[in-house]
Amino acid sequence: MYLLNEKNIKLYFQSSNKFSIKNMNQVNKVETEDQLIAFQKRIDEGEKIEPNEWMPNNYRKNLIRMMSQHAHSEIVGMLPEGNWITRAPSLRRKMILLSKIQDEAGHGLYLYSAAETLGASREKMLEALHNGTAKYSSIFNYPSLSWADMGTIGWLVDGAAMVNQVSLMGTSYGPYHRAMIRICKEEAFHNRQGYELISKLCEGTEEQKKMAQESLNRFWWPSLMMFGPVGKDSPHSEQALKWKIKTESNEVLRQRFIDMTVPQAEARGLTFPDPDLKYDKETKTYSYGEPDWSEFFNVIKGNGPMNRRRVAARKKAHDDGAWVREAAEAYAGKQKKKTKN
């Protein structure tokens, strides 16, 4: 059982003194046109919406879906890297990897807590992950086959996540906005250490550079798919942009990532598995080929190379940790009784 308590969750209420857990699960029975217009006006004026304030039911639902998927992605994203902890080539690399995985666990905690401010149940969010009904980032359903993948995941995967999350710092929901500020600081470290690892491999032997290139070839297209399909194929994007749950379209974010990443690869003598990738001098951006969206939709439906293994591993870790949660709950109960006495 997960306990949502005022002391822990108040981190997300730095701008509000009016805090009440009772107000966090206010599903509206009736939504008037005037309420919706007033809410949109607040959004358009750049105000942050706090948990104890009125919001449309679909705004709450959209946020819970988005934040829970984000949280799931953080904790599932620990698995491809955790597979390489015991095989890290040096103590320094092992310490970096451990620190990064620990950060991802913390990011999941921030995001689950932010979703709980809307009345979502941590237990139900995790149950949806474990039974396969919840989605998470498609990129984590691909295997990490070589040590170079630890660099590529930091450089490309965390780089793509950072582009998306920096944009999310402008989200209209206060707790999500504040969680993203901290997460982005740590993601910047993840991105830099990944690129540094790839750079070292490119400066090494021919075999090491070949390993870096092969890793880039495998992760390039899945990294581009992380931003989601174009607007017409993304069912939630239009409303999310209107309410500023997200502030930029999938296409804009994907283009920003490509423009940032291609020069970094070229500086290390790496190439991309995209024959249509070209620099446009007029727009000063890179044009690129179309990702295989049939592959993307197949993976998010649960048919990727690692979907079943990832979910099974998360469920096993959750079940194995039940005694820790039970002990923590028992201890909290004893402390509460002592306080009363």
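Which residue forms a salt bridge with Glu186, and how far apart are the closest N and O atoms? The partner is Arg182, and the closest N and O atoms of the two side chains are 3.9 Å apart in this predicted model.

**View 1. Glu186 and Arg182 in helix α8.** Glu186 and Arg182 both belong to helix α8, which covers residues 174-202, and because they are four residues apart in this helix, about one helical turn separates them. Their side chains form a salt bridge, with 3.9 Å between the closest N and O atoms. Glu186 has a relative accessible area of 18%, and since buried means under 20%, this residue is classed as buried. As general background, side chains of opposite charge can pair when their charged atoms come close.

**View 2. Arg42 and its two acidic partners.** Arg42 takes part in a salt bridge with Glu47, at 2.7 Å from N to O, and it also forms a salt bridge with Glu53, where the closest N and O atoms are 3.2 Å apart. The pair of Arg42 and Glu53 links distant parts of the chain, for Arg42 lies in helix α2 (residues 33-44) while Glu53 lies in the loop between α2 and α3, 11 residues apart. Glu47 is partly exposed, with a relative accessible area of 32%, and Glu53 is likewise counted as partly exposed, at 26% relative accessibility.

**View 3. A network of salt bridges.** Glu81, Lys100, Glu104 and Asp158 are joined to one another in a network of salt bridges. For the structure as a whole, the count of salt bridges comes to 17.

**View 4. The ring pair of Tyr59 and Trp243.** A pair of aromatic rings is described by the distance of the centres and the angle of the planes. The structure holds 12 aromatic pairs, and in one of them the rings of Tyr59 and Trp243 have centres 5.7 Å apart and planes at 85 degrees, so this pair is edge-to-face, a class that asks for an angle over 60 degrees. The two residues come from distant parts of the chain, with Tyr59 in helix α3 (residues 57-76) and Trp243 in the loop between α10 (237-242) and α11 (250-267), 184 residues apart. Tyr59 is buried, with a relative accessible area of 0%, and Trp243 also counts as buried, at 9% relative accessibility. Ring pairs further link Phe39, Trp54, Tyr59 and Trp243 into a cluster.

**View 5. Phe296 beside Phe297.** Phe296 and Phe297 form an edge-to-face aromatic pair, with 5.2 Å from centre to centre and 75 degrees between the planes. Phe296 is buried, with a relative accessible area of 9%, whereas Phe297 counts as partly exposed at 29% relative accessibility.

**View 6. A charged side chain over a ring.** Arg87 lies over the face of Trp84, at a distance of 3.8 Å from the ring centre.

**View 7. Trp220 and the largest nonpolar core.** The largest nonpolar core holds 73 residues, of which Tyr59, Tyr173, Tyr176, Trp220 and Phe257 touch the most other members. Helix α8 supplies the largest share of this core, with 10 residues. If residues up to four places away in sequence are not counted, Trp220 touches Leu156, Phe257, Ile258, Thr261, Phe272, Pro273 and Asp274.

**View 8. Gln165 and its surroundings.** Gln165 lies in helix α7, which covers residues 148-168, and it is buried, with a relative accessible area of 3%. Apart from residues up to four places away in sequence, Gln165 touches His70, Glu74, Met180, Ile183, Cys184 and Glu187. Cys184, one of these contacts, counts as buried at 7% relative accessibility, and Cys202 also counts as buried, at 12%. The structure holds zero disulfides.

**View 9. Asn298 in helix α12.** Asn298 is placed in helix α12, which covers residues 293-303, and it is partly exposed, with a relative accessible area of 36%. Leaving aside neighbours within four places in sequence, Asn298 is in contact with Asn303 and Gly304. Asn298 and His72 are 226 residues apart in sequence, and from C-alpha to C-alpha they are 19 Å apart in space.

Key. Residues numbered from 1 in each chain as written. Predicted model: local features only at pLDDT ≥ 70, side-chain atom pairs only at ≥ 80, totals over all residues. Heavy atoms only, no water. Phe/Tyr/Trp six-rings, centres within 6.5 Å; stacked < 30°, edge-to-face > 60°. Buried < 20%, exposed > 50% of the residue type's maximum accessible area, 1.4 Å probe, protein only. Lys NZ or Arg CZ within 6 Å of the ring centre and 35° of its normal. Disulfide = S-S within 2.5 Å. Salt bridge = Lys/Arg side-chain N within 4 Å of Asp/Glu carboxyl O. Core = buried A, V, L, I, M, F, W, Y, C linked by side-chain atoms within 4.5 Å. Contact = heavy atoms within 4.5 Å.
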